[in-house]
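Q: Please take a close look at one part of this protein for me, namely a helix that is mostly covered, and tell me what surrounds it. I would like a connected account that I can follow with the model open beside me.

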Amino acid sequence: MPRPKQNRKISNPPLMQGFKPFGIPRNKLGSVSLLYDEYEAIRLLDYEGLNQDQTAARMNVSRPTLTRIYEQARRTIALALVEGKVIHIEGGNVQFDKEWFRCRRCYKLIGGIENHVHCTDCNSFGNDELIPIHVGKK
């Protein structure tokens with residue numbers, strides 16, 4: 001019996017919930033899921049330019065585990081690009097540094113309920129408009 005997966009540390013969720021190709025009718029688009037830890041590996045390695053040891057330490061995983069996460073992320077993104085699929089960024093065994101929410105109306109990302117302020121993109125204001133970003137297994 002394999003041991004349970006350890007939660008991977010993620011600094012914050014992505015600003016967007018995913019990506020979709022244009023030039024293909026919406027009803028003909030398939031989709032793929034990019035897990036939060038896969039997104040974080042791409043962000044740290046390719047966007048921030050950290051090496052694998054630094055990234056593995058930040059995510060609280062071993063270097064071989066990071067390599068597997070990164071390879072799966074690259075396969076998922078390649079599949080979406082080549083086959084014209086929507087990428088949903090969601091789920092996985094991760095833990096954020098703090099609680100995160102997304103506004104129902106403008107989709108703005110809010111780190112902690114105490115940081116929720118009325119934004120210019122929303123007509124109404126209240127904590128009921130916030131969707132908690134829950135992380136679960138996918």
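A: The account below begins with the protein as a whole, turns to the helix and its surroundings, and ends with the second sheet.

The model is a predicted one, and its secondary structure comes to 3 helices and 8 strands. Read from the N terminus, the elements follow the order β-β-β-α-α-α-β-β-β-β-β. Of the 138 residues of the protein, 40% count as buried, while the accessible surface comes to about 9,000 Å², of which 50% belongs to carbon and sulfur atoms. Among the contacts with a separation of 6 or more, 70% are accounted for by residues 24 or more positions apart.

The helix in question is α1, which spans residues 36-47 and is mostly covered, with 10 of its 12 residues buried. The buried residues are Y36, D37, E38, Y39, E40, A41, I42, R43, L44 and L45, and what covers them includes the strands β1 (8-10), β3 (31-34), β4 (86-89) and β5 (94-96) as well as the helices α2 and α3. Just after α1, G49 takes a positive phi of about 75 degrees.

Consider the strands of this cover, beginning with β3 and β4. These two belong to an open sheet of 3 strands in the order β2-β4-β3, with mixed pairing. The edge strands of the sheet are β2 (18-19) and β3, each of which pairs on one side only. Between β2 and β4 the pairing is antiparallel, over 2 bridges, and H88 in β4 is the bridge partner of G18. Helix α1 packs on this sheet by touching β3 and β4, and its direction makes about 70 degrees with that of β3. Helix α3 also lies across β3 and β4, but it runs at about 155 degrees to β3.

The helices α1 and α3 also meet each other directly. Their axes are 8 Å apart and the helices pack at an angle of about 100 degrees; α1 and α3 are therefore roughly perpendicular to each other, since angles of 65 to 115 degrees count as such. On the α1 side the residues that take part are D37, E38, A41, I42, L45 and D46, and on the α3 side they meet L66, I69, Y70, Q72, A73, R74, T76 and I77. By class, this contact of α1 with α3 has 8 nonpolar, 2 polar and 4 charged residues. Of the α1 residues in this contact, D37, E38, A41, I42 and L45 are also listed among the buried residues of the helix.

The other helix in the cover of α1 is α2, and α2 in turn packs against α3. The axes of α2 (residues 52-59) and α3 (residues 63-83) come within 9 Å and cross at roughly 95 degrees, and α2 and α3 are therefore roughly perpendicular to each other. Here Q52, D53, T55, A56 and M59 in α2 meet R63, L66, T67 and I69 in α3, a contact that by class has 4 nonpolar, 3 polar and 2 charged residues. L66 and I69 of α3 thus appear in the contact with α2 and also in the contact with α1.

Beyond these elements there is a further sheet to follow in the model. It is an open sheet of 3 strands in the order β7-β6-β8, and the pairing is antiparallel. Its edge strands are β7 (109-111) and β8 (130-132), each pairing on one side only, and neighbouring strands of this sheet are turned by 35 degrees against each other on average, direction ignored.

Strand β6 (residues 100-103) pairs with β8 in the antiparallel sense over 3 bridges, and 3 bridges also join β6 to β7, again running antiparallel. On the β8 side, F101 has P132 as its bridge partner and R102 stands opposite I131, whereas on the β7 side W100 stands opposite G111. The side chains of β6 alternate in direction, with W100 and R102 pointing one way and F101 and C103 the other way, and all of them are buried. Finally, β6 and β7 form a hairpin with 5 residues between them, and Y107 in the turn has a positive phi of about 65 degrees.

Key. Residues are numbered from 1 along each chain as its sequence is written. This is a predicted model: local features need pLDDT of at least 70, side-chain atom pairs count only at pLDDT 80 or more; totals for chains, interfaces and linings use all residues. Side-chain values use heavy atoms; hydrogens and water are left out. Axes are lines fitted to C-alpha atoms, for helices over the stretch in contact, and angles run from 0 to 180 degrees between N-to-C directions. Helices (H or I, at least four residues) and strands (E, at least two) are DSSP runs, numbered from the N terminus. Angles under 35 degrees count as roughly parallel, over 145 as roughly antiparallel, 65 to 115 as roughly perpendicular and the rest as oblique. Contact means heavy atoms within 4.5 Å. Ala, Val, Leu, Ile, Met, Phe, Trp, Tyr, Cys and Pro count as nonpolar, Asp, Glu, Lys and Arg as charged, and the others, Gly among them, as polar. Two strands pair if DSSP finds at least two bridges between them. Buried means under 20% relative accessible area, exposed over 50%, partly exposed in between (1.4 Å probe, protein chains only). Accessible areas come from the Shrake-Rupley method with a 1.4 Å probe; for residues, only the protein chains shown count as cover.
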